Amino acid sequence: LFSQKAFKYESGKQIQVELPDIGHRFQGLIEAMSEAIAETDDELMEKFFGGEAFTTEEIVDGMRKGVKDGLITPVFCGSAVNQQALDMLLYNMHKLLPSPEHNSVLAEDANGEPVELTCAESEPTAAYVFKTVADPFVGKLSYLRVVSGKITAGASLVNARTGETEKMGKPLTVMGKKQTEAESIGAGDIGAVAKLVSAKTGDTLCDASRVVKLPAPVFPKPSLFMAVTVAKKGDEGKISSALARLMEEDPTLSYVNNAETHQQIIGGLGEQHLDVVKAKLKNKFGVEIGLEAPRIAYRESIRKACQKQGRHKKQTGGSGQFGDVWIRFEPQEEQDDMIFAEEVFGGSVPKNFYPAVEKGIQEAVQKGPLAGYPMVGLKATLYDGSYHPVDSNEMAFKLAAILAFKEAMPNANPTLLEPIGALTVTVPDSYVGDVMGDLSKRRGRPMGMSPDHEGNTVIEAEVPMAEMSSYAIDLRAMTQARGSFTLEFVRYEEVPKANQAKIIADAKAND
């Protein structure tokens, strides 16, 4: 469109050909381009409305200004495989993209005040880490853009985020997979340095005489979480170290070892993202993994008060064991953790055995009566019992408390609780109906809707976490990948009776 000429490539050579006949559409594309260029300058706008055609120089100048201001994004066609039109791409990058030498960059000092950085090697050094690569041989490789000054081997630069000093290794220039050692990386250039300790993507490394911070990118939070299964025995220990390396490379990736469900959970932005992580683990670190839906961390509680006796008596050849307690169990909403109280009169249970009783109940509530999930919202009150002056000890009273718990739970109307998440979905208006319908299928409760500053609709809802394992994939399909969401745990709520039987059966099958 710039030159109104057409080209093709034969044997790697550029050949001009006749313009294809696409009718009035060609003139429409020129009009659209001219209008975008006119918006970059008042004089060009007047010329556009006057019906005059722009000269090639005006098109290039207007396009360059539009690209610099972020108003125009030029698109080029070509083939990297056949090396076609790469010469045109490089030529237009040279002509249209802003040169660092003629454009200063704004940064912030420690007080948040703006500081202008000039692209000159004589200035104090400031470099931006724009990419991190986990290399199995070199280690961590940090790609840098030097905004001012220059980077040389052995230089000590301050990480503006952490305040720590980083010692620079040998600077590298990178062309594809080829890494070449360089004397220095000057202002306006990009290069790489290996084995930086604290530097992460988005950090600014600068001279101690002028500590400044360039704007760091805001990375999206992981939205799809999957449990890791190991293909080969013995690879369990390798996974965490390999994923730690990949997380340095990719800040949108997360990894946790869930002690409750005994699963390793990785989180990413979608199915394809996690497939790429799988491939990287295999190709870079030799670790093969599988992915499956993670187990949900349910809880159990009781809905009515119940009191039972726990009596532990054991007689052997020597001294025996004797512990006897009466404990009242009741629901409470003050806190999730179990509350222990005592109302013993007359010394029927000596005070020195109270901690043993509490310890026994604390141990017992880790496995509820329905599906073996931890119990919450429980109050246990020790109110009576008896002891033997010789045979009673802490272990006997601990076992007696566990027996009382096991006797009481079936009569206390136990129930399952599921985690509920606060969901915020941002979608274009045309997809609101589909999203709301999908939420109702997931037992979601809409809490409200509001417009955002970009013309989308923000839907807020509360939804069971058990229904959200595939939501990242489903939302992408529903909204043509134009929807986004965040999901955060808020509280536990009772599972509907219709769903409890399946959850209990699954829990017993996994034991």
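This passage describes an open sheet with the helices that pack on it, and then a helix with one buried side, in a predicted model.

The sheet is built from 4 strands, which follow one another in the order E20-E21-E23-E22 and pair in a mixed manner. Because strand E20 (306–314) and strand E22 (339–342) each have a single partner strand, they stand at the edges, and one side of each is left without a neighbour in the sheet. From one strand to the next, the twist averages 25°. The pairing of E20 with strand E21 (residues 321–331) is antiparallel and extends over 9 bridges; within this pairing, glutamine 307 has arginine 328 in E21 as its bridge partner.

Two helices are placed against these strands. Helix H7 (residues 354–364) packs on the sheet, where it touches E21, E22 and strand E23 (378–386), and its direction makes about 150° with that of E22. Helix H8 (residues 394–408), in turn, lies across E20, E21 and E23, and runs at about 40° to E21.

Further along the chain, helix H10 (residues 471–479) has as its buried residues Tyr471, Ala472, Leu475, Met478 and Thr479. These residues cover an arc of only 130° around the axis, and therefore lie on the same side of H10. Such an arrangement fits the geometry of an α-helix, which has 3.6 residues a turn, so that residues three or four places apart point the same way. The cover over the buried residues of H10 includes strand E15 (224–230), strand E24 (414–428), helix H9 (432–441) and strand E27 (484–494). After H10 comes glutamine 480, with a positive phi near 55°.

Key:
Residues are numbered from 1 along each chain as its sequence is written. This is a predicted model: local features need pLDDT of at least 70, side-chain atom pairs count only at pLDDT 80 or more; totals for chains, interfaces and linings use all residues. Side-chain values use heavy atoms; hydrogens and water are left out. Two strands pair if DSSP finds at least two bridges between them. Axes are lines fitted to C-alpha atoms, for helices over the stretch in contact, and angles run from 0 to 180 degrees between N-to-C directions. Contact means heavy atoms within 4.5 Å. Buried means under 20% relative accessible area, exposed over 50%, partly exposed in between (1.4 Å probe, protein chains only). The arc is that of the directions from the helix axis to the C-beta atoms.
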